[in-house]
Amino acid sequence: LDMLLTTGERVSMALFSMALHDLQCPSISFTGSQAGVMTDGSHSNARIVDIKPIRLEEALTTNKVIVLAGFQGVDPKTKEITTLGRGGSDTTAVAMAAHFKAERCEILKDVDGVATADPKIVPHAQLIKVIDHETMMDMCFWGAKVLHYRSVELAAAQKVPLFIGRSD
């Protein structure tokens with residue numbers, strides 16, 4: 001099932017990489033397993049246990065844009081593809097930002113950022129300009145869908161600043 005669930009990301013990353021090439025922008029695409037995202041064996045809700053992005057590190061030296069399919073990894077014991085659950089691409093982004101010691105991890109969504117309520121339901125919801133990891137974890141735990149709980153948990157543990165903004 002996890003192999004099937006990753007097909008959407010695989011198709012999207014390949015098409016995006018091809019579009020970049022058409023625009024004269026060299027790129028290379030990677031699945032989670034190719035990128036060294038190691039997970040536990042919990043299918044459909046795996047946790048990242050390690051990052052070994054050897055191929056990404058090599059690709060960074062070639063001046064190509066890296067297109068990485070999030071939401072997926074591989075269990076190093078069984079070699080089976082695993083998925084990280086709903087919102088797992090957020091967690092993949094934070095894990096990579098932590099590994100590469102990025103200044104911050106930018107996660108682009110269909111909203112302007114974190115708000116006091118779901119702006120699709122509450123039209124007058126106010127954007128929260130700055131929020132700490134602990135408060136964001138509480139919000140995600142209790143139902144805020146703007147970020148995957150595990151991504152905020154990982155960002156807090158690794159001290160990765162997060163930026164949430166609109167993708168369009």
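Student: Which residues are exposed on the other side of α5?

Tutor: Quick heads-up: this is a predicted model, where local features need pLDDT of at least 70 and side-chain atom pairs pLDDT 80 or more, while totals for chains, interfaces and linings use all residues. Residues are numbered from 1 along each chain as its sequence is written, and side-chain values use heavy atoms, leaving out hydrogens and water. Exposed means over 50% relative accessible area, buried under 20%, partly exposed in between (1.4 Å probe, protein chains only). On that side, the exposed pair is Glu-134 and Phe-141.

Student: How wide an arc do the buried residues of α5 cover?

Tutor: Helix α5 (a DSSP run of H or I, at least four residues, numbered from the N terminus) spans residues 133-141, with Met-136, Met-137 and Cys-140 buried. They sit on the same side of α5 because their arc, taken from the directions from the helix axis to the C-beta atoms, is only 105°.

Student: What do the buried residues of α5 pack against?

Tutor: Look for contacts, meaning heavy atoms within 4.5 Å. The partner covers residues 149-158, and that's helix α6.

Student: Is Ser-151 buried or exposed?

Tutor: You'll find Ser-151 in helix α6, touching Asp-90, Thr-91 and Val-94, not counting residues up to four places away in sequence. Its relative accessibility is 0%, so Ser-151 counts as buried.

Student: Which residue caps the N-terminal end of α5?

Tutor: Find the backbone nitrogen of Glu-134, which has a side-chain oxygen 3.1 Å away. That oxygen belongs to the capping residue, Asp-132.

Note on methods. Helices (H or I, at least four residues) and strands (E, at least two) are DSSP runs, numbered from the N terminus. A polar contact is a pair of N or O atoms within 3.5 Å; within protein, one must be able to donate a hydrogen and the other to accept it, and residues adjacent in sequence count only if both atoms are side-chain atoms.
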